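Trainee: I'd like a close look at how the helices in this model pack, and at what sits around those packings. Could you take me through it piece by piece?

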Amino acid sequence: MDEAQETIATPLTERLGCRYPIISAGMGGPARSELAAAVSQAGGFGLLGMVRESPALIAQEIAAVRQRTNRAFGVNLIPACTQPKLLEDELAACFDAGVPAMCFFWDVDAAAIAKAKRAGCLVLYQVGSVADAKKAEDAGADVIIVQGVEAGGHVWGRRGLSVLLPEVADAVEVPVAASGGIVDGRGLAAALALGGDGIHCGTAFLASVESFAHDYHKQRLVAAGPDETVHTDLFVINWPKGAPVRVLKNSQTEAAGDKLWGYDPDEMPREVIGHDDGNPIHRLDTNSPLRRTTGDLEAMALYSGDGVARVNAIEPARAIVERIMAEAIAAIRANAAAITA
Ligand SMILES: Cc1cc2nc3c(=O)[nH]c(=O)nc-3n(C[C@H](O)[C@H](O)[C@H](O)COP(=O)(O)O)c2cc1C
């Protein structure tokens, strides 16, 4: 407990029981215990990204978070891309461990929300439209995360965050966190001004010291300038057809040229281009390179949000959280000071 920094208390910090209105996204692969724990311990709210992981790994990672912090955290799962039996076992692993919060994404799965509520969890739901925000709230979600099209990784939002966020904030009663392209305190200040109660960041924490992403991926994020991300469904092997992602441009997106949409995972050849923990990685599958991944890293899915040009260093998660807060408070003060009669 050593936060000297001022904070901005919002309905989101109240609901989640954290000091700062900053959630780190449950990025499948990179958001393991080191990152989630570091963000929660720094005063934000950390999410473990456990999509399609085994129940054994989930139990292990939950225990590892608890060894590093006694603060609240959550686990992210994606029902729509997970076989029902595995999803059931994953949920059971989370509930048996008594996780304080679950975060879900993609199609609104009312049954998953109901199960998590029955198990006593807070439920965060990341959505990409006003209709889904209402559906998730009606099904019992405690927090809505609004994803704009600027987001990195899998992108359910089709519209810009600056238009979608105020619409969702008006449409639901529960606290709302803004997601997509936010990497600094100006983004947090803007989210609050647009009716949000906080932010949910992936890319900003993907480039942290604690992230489980491969150093090659982190270095590519730091080096990236404006206009270097691509919105496409090219990296779709392992997911249902028609799942857009945002990635850094690489040899694969260059080879695709103008044909960035319309890929069908069932029609795509399987070519092994690397391995992770003994498992093969195929060209154009959804695996991004992690710490232990070997192979053609450049050709893999190098997920990135569109705010990446302002990610300029690989920093500890605590420094990222504290910098975002200090910048947001400075931006809000500067704007308030400009108000005149
Ligand atoms: C590397 C990476 C992996 C992601 N994996 C997941 C995931 O497993 N589950 C999920 O709900 N969202 C996932 N996302 C999306 C994030 O939840 C969030 O919408 C996105 O990071 C916000 O945009 P930003 O990266 O510009 O901050 C991922 C994003 C990235 C960058």
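Mentor: What follows goes through the helix pairs, then a few single residues, then the domains. Keep in mind that this is a predicted model, and every value here is computed from it.

Let's start with H2 and H12. Helix H2 covers residues 33-41 and helix H12 covers residues 317-337. Their axes come within 8 Å and cross at roughly 40°. Is that pair roughly parallel or oblique? With roughly parallel reserved for angles under 35 degrees, H2 and H12 are therefore oblique to each other. The crossing itself is right-handed. On the H2 side, the contact is made by Leu-35, Ala-38, Val-39 and Gln-41, and these meet Ala-317, Arg-318 and Val-321 of H12. Sorted by class, that contact has 5 nonpolar residues, 1 polar and 1 charged.

Stay with Val-321 for a moment, since it turns up again. Gly-43 lies in the loop between H2 and S2, and its C-alpha atom is separated by 7.8 Å from the C-alpha of Val-321. Those two residues are 278 residues apart along the chain. Gly-43 has a relative accessibility of 1%, so it counts as buried. So look at Val-321 from two sides: as part of the H12 contribution to the contact with H2, and as the partner of Gly-43 in that C-alpha distance.

Follow the chain on past S2. Strand S2 (45-49) and H3 are joined by a loop, and Arg-52 is in that loop. What is odd about its backbone? Its phi is near 55°, a positive value in a residue other than glycine. Arg-52 is partly exposed, because its relative accessible area is 28%.

That loop leads into H3, which packs with H4. Helix H3 (residues 55-68) and helix H4 (residues 84-96) have axes 9 Å apart, at an angle of about 25°. H3 and H4 are therefore roughly parallel to each other, and they cross in a right-handed sense. From H3 come Pro-55, Ile-58 and Ile-62; from H4 come Leu-86, Asp-89, Glu-90, Ala-93 and Cys-94. By class, you get 6 nonpolar residues and 2 charged ones, with no polar residues in this contact.

Next is H6 with H7. Helix H6 runs over residues 130-138 and helix H7 over residues 161-171. Their axes come within 9 Å and cross at roughly 30°, again with a right-handed crossing. Val-130, Ala-133, Lys-134 and Glu-137 of H6 touch Leu-164, Glu-167, Val-168 and Ala-171 of H7. The class count here is 5 nonpolar, no polar and 3 charged.

Now for two histidines. His-154 belongs to strand S7 (residues 153-154). Its relative accessibility is 11%, so it counts as buried. Beyond residues up to four places away in sequence, His-154 touches Phe-105, Trp-106, Gln-147, Trp-239, Ala-243, Pro-244, Val-245, Thr-286 and Tyr-303. His-217 is in helix H10 (residues 215-223). Is His-217 buried or exposed? It is buried, because its relative accessible area is 0%. With neighbours within four places in sequence left aside, His-217 is in contact with Leu-206, Ser-288, Pro-289, Ala-301, Leu-302 and Tyr-303. Tyr-303, then, appears in the contact lists of both His-154 and His-217.

Move past H10 and there's another positive phi. Asp-227 is in the loop between H10 and strand S10 (229-232), and its phi is about 60° although it is not a glycine. Asp-227 is exposed, because its relative accessible area is 66%.

Last, the domains. The domain assignment gives domain 1 as 19-211 + 311-337, and domain 2 as 229-303. Taken over C-alpha atoms, the two centres are separated by 23 Å. How many residues of each domain are in contact with the other? It comes to 21 residues of domain 1 and 14 residues of domain 2.

Note on methods:
Residues numbered from 1 in each chain as written. Predicted model: local features only at pLDDT ≥ 70, side-chain atom pairs only at ≥ 80, totals over all residues. Heavy atoms only, no water. Helix = DSSP H or I, 4+ residues; strand = E, 2+ residues; numbered from the N terminus. Buried < 20%, exposed > 50% of the residue type's maximum accessible area, 1.4 Å probe, protein only. Contact = heavy atoms within 4.5 Å. Axes fitted to C-alpha atoms, helices over the stretch in contact; angles between N-to-C directions. Parallel < 35°, antiparallel > 145°, perpendicular 65-115°, else oblique. Left-handed = near helix turned anticlockwise from the far one by under 90°. Nonpolar A, V, L, I, M, F, W, Y, C, P; charged D, E, K, R; others polar. Domains from an automatic or database assignment.
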